[in-house]
Amino acid sequence: MTLALVAALCLTALAVLLIAGHGPWSGRTLFPVAPGHGINVGDLPVFGFWGLGVAACAVLARPR
């Protein structure tokens, strides 16, 4: 359970770092948060992989 929680926290930290950066492939802004900042098309795969990773951690953390 503890390792699953650590893995979920690491996934979350990496997702935040990926979303915070703006590369040339970030695409158009879908949800503006502040001028020049927001959720871009390029952030969608990050959210998807984050969701899959956290779901896998939840399955691994379940008591057997």
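## Close-up views of a predicted chain

**View 1. Phe 31, an exposed residue in a strand.** In this predicted model, Phe 31 has a relative accessibility of 53%, so it counts as exposed, since the cut-off for exposed is over 50%. To find Phe 31 in the picture, look along strand S1. Its partner across the way is Ile 39, which belongs to S2.

**View 2. Strand S1 out in the open.** How many of the six residues of S1 are buried? The number is zero, so S1 lies largely in the open. Buried here would call for under 20% relative accessible area. A handy rule to keep in mind while you look: side chains in a regular strand alternate between the two faces of the sheet.

**View 3. The hairpin of S1 and S2.** Follow S1 to its end and you come to a hairpin, with two residues between S1 and S2. Look for Gly 36 in the turn, where phi is positive, at about 85 degrees. In which sense do S1 and S2 pair? They pair in the antiparallel sense, over four bridges, with S2 made up of residues 37-40. Phe 31 and Ile 39 stand opposite each other in this pair of strands.

**View 4. A nonpolar patch on the surface.** Here Phe 31 appears again, this time together with Leu 30, Val 33, Val 41, Leu 44 and Phe 47. These side chains make a nonpolar surface patch of about 550 Å². Which element gives the largest share of the patch? That is S1, with three residues. Strand S1 (29-34) and helix H2 (44-61) each supply at least two residues, so try tracing both elements in this view.

**View 5. Stepping back to the whole chain.** Now that the details are familiar, see how they fit into the chain, which has two helices and two strands. Along the sequence the pattern reads α-β-β-α. The radius of gyration is 14 Å, well over the 11 Å that the globule rule gives for 64 residues, so the chain is more spread out than a compact globule. Its C-alpha trace spans about 45 × 20 × 15 Å along the principal axes.

**View 6. Surface and contacts of the chain.** What percentage of the 64 residues counts as buried? The value is 17%. The accessible surface comes to about 4900 Å², and carbon and sulfur atoms hold 78% of that area. Among contacts with a separation of 6 or more, 42% come from residues 24 or more positions apart.

Notes: Residues numbered from 1 in each chain as written. Predicted model: local features only at pLDDT ≥ 70, side-chain atom pairs only at ≥ 80, totals over all residues. Heavy atoms only, no water. Rg over C-alpha atoms; globule rule 2.2 N^0.38 Å. Buried < 20%, exposed > 50% of the residue type's maximum accessible area, 1.4 Å probe, protein only. Contact = heavy atoms within 4.5 Å. Areas by Shrake-Rupley, 256 points an atom, 1.4 Å probe, with all protein chains shown as cover. Patch = residues over 30% accessible without salt bridge, like charges linked within 9 Å, V, L, I, M, F, W, Y side chains within 5 Å. Salt bridge = Lys/Arg side-chain N within 4 Å of Asp/Glu carboxyl O. Pairing = 2+ DSSP bridges.
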